[in-house]
Amino acid sequence: MARVLIQFAHPALSKSKVHSSLINYCRNINDVTFNDLYEKYPDMFIDVAAEQKLLLQHDIILFQHPFYWYSSPAIIKQWLDLVLEHNWAYGTRGNALVGKKMGCVISCGGGPDTYQETGRNRYSVNQFLLPFDQTAHLCKMEYLPPFVVHGTHRITKEELMRYAEQYRAILEALVHDQFSALDYQKVTYLNELAPSLLTTK
Ligand SMILES: Cc1cc2nc3c(=O)[nH]c(=O)nc-3n(C[C@H](O)[C@H](O)[C@H](O)COP(=O)(O)O)c2cc1C
């Protein structure tokens, strides 16, 4: 079993379509902790000791947020800058997070076709997420493929529900340690691991 911590950031949750659906559908999963950073720190004064304690209590850390300017909303950056301290998270004596897993759960206005060399956004989502990948590496954590919701501007209720079902199945599988290192290597997005989980339900 693994304990999952969702570090959630949406600066305008009352206007959200995608993340409000995902979090409503994925409420109350045993061993999944939901940590709403904007709700907790509206002034961005992050309680570093409390956040480090939360990290120590969990095995898998997921950053869940809308994709803003090819990155995260500002509070995630502030959180990274303050919480992942030298000689705590990284550095010669920084071993607090060794062996834990880290991943991203994001939603993008752009469709998959826009996130390729010939598309409007020129680079893949995974390329834009390289700072998270390398941050995990520096902290000796295992970086997971991201869970991605694409094309949010035109998404239908049915599509959104399918994403929510996939996300819930993935969270439950993460808690139950159902994926191997090879599973993660085989996929670009975690979403690709969901169909096999949903058909065996
Ligand atoms: C400030 C801002 C920046 C954005 N930047 C991007 C971006 O870089 N790439 C992208 O695909 N979508 C971008 N979008 C679209 C959002 O990612 C999209 O509206 C959001 O994921 C929808 O989720 P929600 O319904 O939970 O708000 C941006 C939206 C805003 C408001």
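This section describes the overall dimensions, one helix, the salt bridges, a surface patch and two loop residues of a predicted model.

The chain contains nine helices and six strands. Its C-alpha trace extends over about 45 × 35 × 35 Å along the principal axes. The radius of gyration is 16 Å, which agrees with the value near 17 Å that a compact globule of 201 residues would have. Of the 201 residues, 51% are buried. Among contacts in the chain with a separation of 6 or more, 77% are between residues 24 or more positions apart. The accessible surface amounts to about 10500 Å², and carbon and sulfur atoms contribute 52% of this area.

Helix α4, which spans residues 74-83, has Ile-75, Ile-76, Trp-79, Leu-80 and Val-83 as its buried residues. These residues lie on the same side of α4, because the arc they cover around the axis is only 140°. The elements that cover them include the strands β1 (4-8) and β3 (60-66). Helices also take part in this cover, including α2 (37-40), α3 (48-56) and α6 (130-138).

Side chains of opposite charge can pair when their charged atoms come close. In the model, the count of salt bridges comes to six. Three of them are described here, beginning with the pair formed by Glu-51 and Lys-40, in which the closest N and O atoms are 2.9 Å apart. This salt bridge links distant parts of the chain, since Glu-51 belongs to helix α3 and Lys-40 to helix α2, with their positions 11 residues apart. Both of these helices are also among the elements that cover the buried residues of α4. Glu-51 has a relative accessibility of 0% and therefore counts as buried. Lys-40, with a relative accessible area of 39%, is partly exposed.

A second salt bridge joins the side chains of Arg-168 and Glu-172, with an N to O distance of 3.1 Å. Both residues are part of helix α7 (residues 157-175), where they are four residues apart, or about one turn of the helix. Arg-168 has a relative accessible area of 21% and is partly exposed. Glu-172 also counts as partly exposed, at 22% relative accessibility. Both values lie just beyond the 20% under which a residue is classed as buried.

The third pair consists of Asp-183 and Lys-186, whose closest N and O atoms are 3.7 Å apart. The two residues are three residues apart in helix α8 (residues 181-186), so about one helical turn separates them. Asp-183 is buried, its relative accessible area being 18%. Lys-186 counts as exposed, with 60% relative accessibility.

On the surface, Tyr-68, Trp-69 and Tyr-70 make a nonpolar patch of about 410 Å². Of these residues, Tyr-70 is placed in the loop between β3 and α4. Tyr-70 counts as partly exposed, at 34% relative accessibility. The strand β3 that precedes this loop is among the elements covering the buried residues of α4.

Two loop residues were examined individually. Gly-111 is located in the loop between β4 (101-107) and α5 (125-128). With a relative accessible area of 14%, Gly-111 is buried. When its neighbours within four places in sequence are left aside, Gly-111 is in contact with His-150 and Gly-151. The C-alpha atom of Gly-111 is 9.5 Å from that of Arg-154, although the two residues are 43 residues apart along the chain.

Val-187 is in the loop between α8 and α9 (194-199). Val-187 is likewise buried, with a relative accessible area of 14%. Apart from residues up to four places away in sequence, Val-187 touches Pro-145, Glu-192 and Leu-193. Val-187 and Ala-49 are 138 residues apart along the chain, and their C-alpha atoms are separated by 35 Å.

Notes: Residues are numbered from 1 along each chain as its sequence is written. This is a predicted model: local features need pLDDT of at least 70, side-chain atom pairs count only at pLDDT 80 or more; totals for chains, interfaces and linings use all residues. Side-chain values use heavy atoms; hydrogens and water are left out. Buried means under 20% relative accessible area, exposed over 50%, partly exposed in between (1.4 Å probe, protein chains only). The arc is that of the directions from the helix axis to the C-beta atoms. Contact means heavy atoms within 4.5 Å. A salt bridge is a side-chain nitrogen of Lys or Arg within 4 Å of a carboxyl oxygen of Asp or Glu. Patches are made of residues with over 30% relative accessible area and no salt bridge: like charges are joined within 9 Å, nonpolar side chains (Val, Leu, Ile, Met, Phe, Trp, Tyr) within 5 Å. Accessible areas come from the Shrake-Rupley method with a 1.4 Å probe; for residues, only the protein chains shown count as cover. The radius of gyration is taken over C-alpha atoms; the globule rule is 2.2 Å times the number of residues to the power 0.38.
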